[in-house]
Amino acid sequence: MNENKPGGSPNSTCVFCRKNDDCPIKYGEKKTNEKWNLTVHYYCLLMSSGIWQRGKEEEGVYGFLIEDIRKEVTRASKLKCSVCKKTGASIGCVAPRCKRSYHFPCGLQRECIFQFTGNFASFCWKHRPVQIITPNNCRDSLLCTICLEFIEPIPTYNVLRSPCCKNAWFHRDCLQVQAVNAGVFFFRCTICNNSDIFQKEMLRMGIHIPEKDASWELEENAYQELLQHYEHCDVRRCRCKEGRDYNVPDSKWEIKRCQCCGSSGTHLACSSLQSWEQNWECLECRSILYSAGEFEKAKKHALPNTNVGINDCLLEESSPKLPRQSPGDQRKDVLRQGSKFRRDISTLIIELGFQVKKKPKKVFINKANIWNSALDGFRNQNFNPSYTIEVVYINENDHFGREQPGSKQEFLSLLMQQLENSPLFEGSLSKNLSLNSQALKENLYYEAGKMVAISLVHGGPSPGFFSQTLFNCLAYGPENTQPILDDVSDFDVAQIMIRVNTAATVADLNSLVHDYYKYLELIGCLRIITSISDKYMLAKDILVYHVIKRVQAPFESFKQGLKTLGVLEKIQTYPEAFFHIFCHKPENLSAKILSDLFTVHTLSDVQTLGFWNSYLQAVEDGKSTVTMEDILIFATGCKSIPPAGFKPSPSIECLHMDFPVGNKRDNCLALPITSTYKEFQESMDFAIKNTLRLEKEENSHFI
């Protein structure tokens with residue numbers, strides 16, 4: 001019903017501004033309702049003062065009902081524009097006692113400010129918000145950091161300054177084009193990469209930031225060339241007789257890329273490298289690194305959720321008139337709320353998975369000793385994380401030495417459970433790194449980071465148990481992270497923190513310092529107390545030491561392991577996407593989720609499939625001792641759906657047998673064909689409960 005009409009057609013004139021211009025950057029998308037022969041610019045409709053969005057997305061135009069639009073047009077027909085002096089001025093200045101009204105294009109012409117947030121306020125040229133900059137911050141001329149043309153560093157309507165970087169200035173038009181192209185998930189300061197503070201200020205100053213993915217993210221295969229590995233030896237004297245392009249993995253003629261630029265390479269033998277794990281930089285990058293040692297290390301950008309005072313108009317309760325997406329993104333509306341992070345993280349992990357070569361590498365795993373088996377396999381000099389992992393289960397008590405093909409996703413799922421409960425982490429639900437001297441000596445923190453990276457890239461589950469503090473340290477750097485009291489798992493330290501926070505007088509604080517003098521001196525937090533406000537700095541110092549400085553060595557080792565296959569770099573590039581899977585458990589399974597997850601690939605018994613759906617609903621309703629997680633573990637070995645999904649996709653088949661069978665390697669669930677639902681349910685309950693019980697008994701022996 002809603003389609004754009006050519007700009008020159010008679011009925012393509014906007015009913016509000018009476019212009020037929022089709023310029024999405026300036027006026028928003030132009031939409032025509034064919035049935036009612038009505039055309040509007042999105043911004044003209046959105047900023048009109050007397051209309052609210054009362055319908056759903058598919059109703060009327062952008063969710064604004066036709067009857068409401070007509071009423072608003074009638075109301076505006078009685079108002080004269082303060083700029084062009086014609087009627088139809090539907091937008092009014094929100095300043096008290098200001099009676100100016102104008103069309104949206106006329107408002108742009110007179111440099112009015114339209115805020116695409118909150119109540120969608122508009123301000124005339126007399127009452128518009130301005131940026132207050134002290135004179136001593138202004139210099140002769142600076143570059144617009146987007147178009148790189150010279151600009152006078154004086155805040156005006158057409159010139160804006162970044163709120164987070166003092167010397168970052170922009171043309172308004174440059175910012176608006178960038179905002180439309182980047183969308184809310186990628187629009188950020190071009191200097192420090194901050195998004196939260198930057199976006200709030202730009203919204204206050206009238207920049208429209210659409211809620212959509214960036215234009216470059218929507219292009220298919222936009223970054224395909226970046227997935228090509230550089231395989232060429234660039235050292236001055238290449239010793240390989242087969243030539244500089246010769247590359248044989250797991251040998252001295254394997255090509256190692258520069259860890260800094262990735263656009264230069266060397267054979268391991270040509271640079272006397274013992275293994276691919278050793279760091280190597282090309283001559284150009286090495287010279288830059290050495291010369292950079294004379295300068296102070298650049299500070300990382302601040303956390304996006306930094307608290308900064310914002311104009312009150314941004315904090316008002318939002319009205320029903322919400323910003324809408326562009327037409328190309330409306331198909332994502334259903335997924336926008338619940339699975340935005342999942343969709344994004346799935347794409348990012350699939351991109352990381354392109355590094356995995358189709359050369360299989362066997363990893364021998366004893367299910368009764370998952371942790372040590374994984375350590376031995378990953379530490380093997382022939383193991384390469386970029387090769388396809390082929391899991392083989394073995395049993396040390398089996399004197400015949402029989403091997404059983406295993407499920408890679410089941411192995412990685414069990415490994416992440418072992419890691420969560422290992423002494424490398426401390427805390428109950430949200431965990432931080434612990435200080436374990438033996439683990440540090442055995443380099444287990446590095447191996448733990450490597451395990452997390454391998455699990456993500458090879459289609460396994462995400463950790464889901466990191467504290468926000470630990471994740472922020474990885475994503476933004478410890479220097480930009482402030483821990484909280486919940487991060488302290490040591491009871492004695494927590495008691496000290498509580499005493500500090502509840503101290504009411506200087507005497508209370510001095511008494512505390514006296515009681516814990518040796519401890520505070522040992523951790524470098526001893527300070528002279530002169531006022532009650534000193535308790536906040538004391539509490540901060542203790543927190544930073546206990547949660548961050550104390551575990552600096554384990555953190556650096558863990559971070560190095562997480563660099564495997566470029567995972568850490570991806571996290572630091574897209575922290576918002578990775579935060580969800582690192583710090584939160586996956587959503588609870590439901591009957592619908594499992595029903596949609598398992599597909600039927602072969603001609604199956606219709607009655608059995610009906611029993612299957614009824615069984616799922618009964619489990620969800622609590623009418624069975626089996627849980628949704630039990631069913632998924634029985635069929636795939638995983639208790640949750642991995643971020644990148646299952647490979648191969650879970651499937652169902654119906655067979656004439658007494659009990660169901662779960663093939664975890666192929667993610668296939670064979671259902672028994674029975675004559676009644678009661679027989680089906682009893683068969684499913686018995687097989688799933690007993691199978692999982694036996695597996696838990698085997699695994700708990702080592703634990």
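**View 1. Phe582 is a buried residue, with a relative accessibility of 0%.** Buried means under 20% relative accessible area, exposed over 50%, and partly exposed in between (1.4 Å probe, protein chains only). The model is predicted: local features need pLDDT of at least 70 and side-chain atom pairs count only at pLDDT 80 or more, while totals for chains, interfaces and linings use all residues. Residues are numbered from 1 along each chain as its sequence is written, and side-chain values use heavy atoms, with hydrogens and water left out. Phe582 belongs to helix H21 (residues 575–583); helices (H or I, at least four residues) and strands (E, at least two) are DSSP runs, numbered from the N terminus. The C-alpha atoms of Phe582 and Phe471 are 7.3 Å apart in space, with the two positions 111 residues apart in sequence.

**View 2. Glu351 and Lys570 form a salt bridge, N to O 3.0 Å.** A salt bridge is a side-chain nitrogen of Lys or Arg within 4 Å of a carboxyl oxygen of Asp or Glu. Glu351 is in helix H9 (residues 340–353) and Lys570 in helix H20 (residues 567–573), so the contact ties together parts 219 residues apart in sequence. Glu351 is partly exposed at 24% relative accessibility, whereas Lys570 is buried at 18%. The whole structure contains 17 salt bridges.

**View 3. A salt bridge joins Glu420 and Lys585, with the closest N and O atoms 3.0 Å apart.** This pair links distant parts of the chain, 165 residues apart: Glu420 is in helix H11 (residues 408–420), and Lys585 is in the loop between H21 and helix H22 (591–597). Here the acidic partner, Glu420, is buried at 16% relative accessibility, and Lys585 is partly exposed at 45%.

**View 4. Lys559 and Glu556 form a salt bridge within one helix.** The closest N and O atoms of this pair are 3.6 Å apart. Both residues lie in helix H19 (residues 552–562), three residues apart, which is about one turn of the helix. Lys559 is buried, with 14% relative accessible area, and Glu556 is partly exposed, with 32%. Elsewhere, Arg54, Glu67 and Asp68 are joined into one network by salt bridges that share partners.

**View 5. Four strands make an open sheet in the order S19-S20-S22-S21, with mixed pairing.** Strands S19 (599–600) and S21 (661–663) stand at the edges; each has a single partner strand, so one side of each is left without a neighbour in the sheet. Two strands pair if DSSP finds at least two bridges between them. S19 and strand S20 (residues 651–655) run parallel and are joined by two bridges. In this pair, Thr599 stands opposite Ser651 of S20.

**View 6. Arg18, Lys19, Lys26 and Lys86 form a positive surface patch.** Patches are made of residues with over 30% relative accessible area and no salt bridge; like charges are joined within 9 Å, and nonpolar side chains (Val, Leu, Ile, Met, Phe, Trp, Tyr) within 5 Å. Lys and Arg count as positive and Asp and Glu as negative, with His and the chain ends not counted. Arg18 is in the loop between strand S1 (2–3) and helix H1 (24–27), and is partly exposed at 47% relative accessibility.

Key
Accessible areas come from the Shrake-Rupley method with a 1.4 Å probe; for residues, only the protein chains shown count as cover. The place of a charge is taken as NZ of Lys, CZ of Arg, CG of Asp or CD of Glu.
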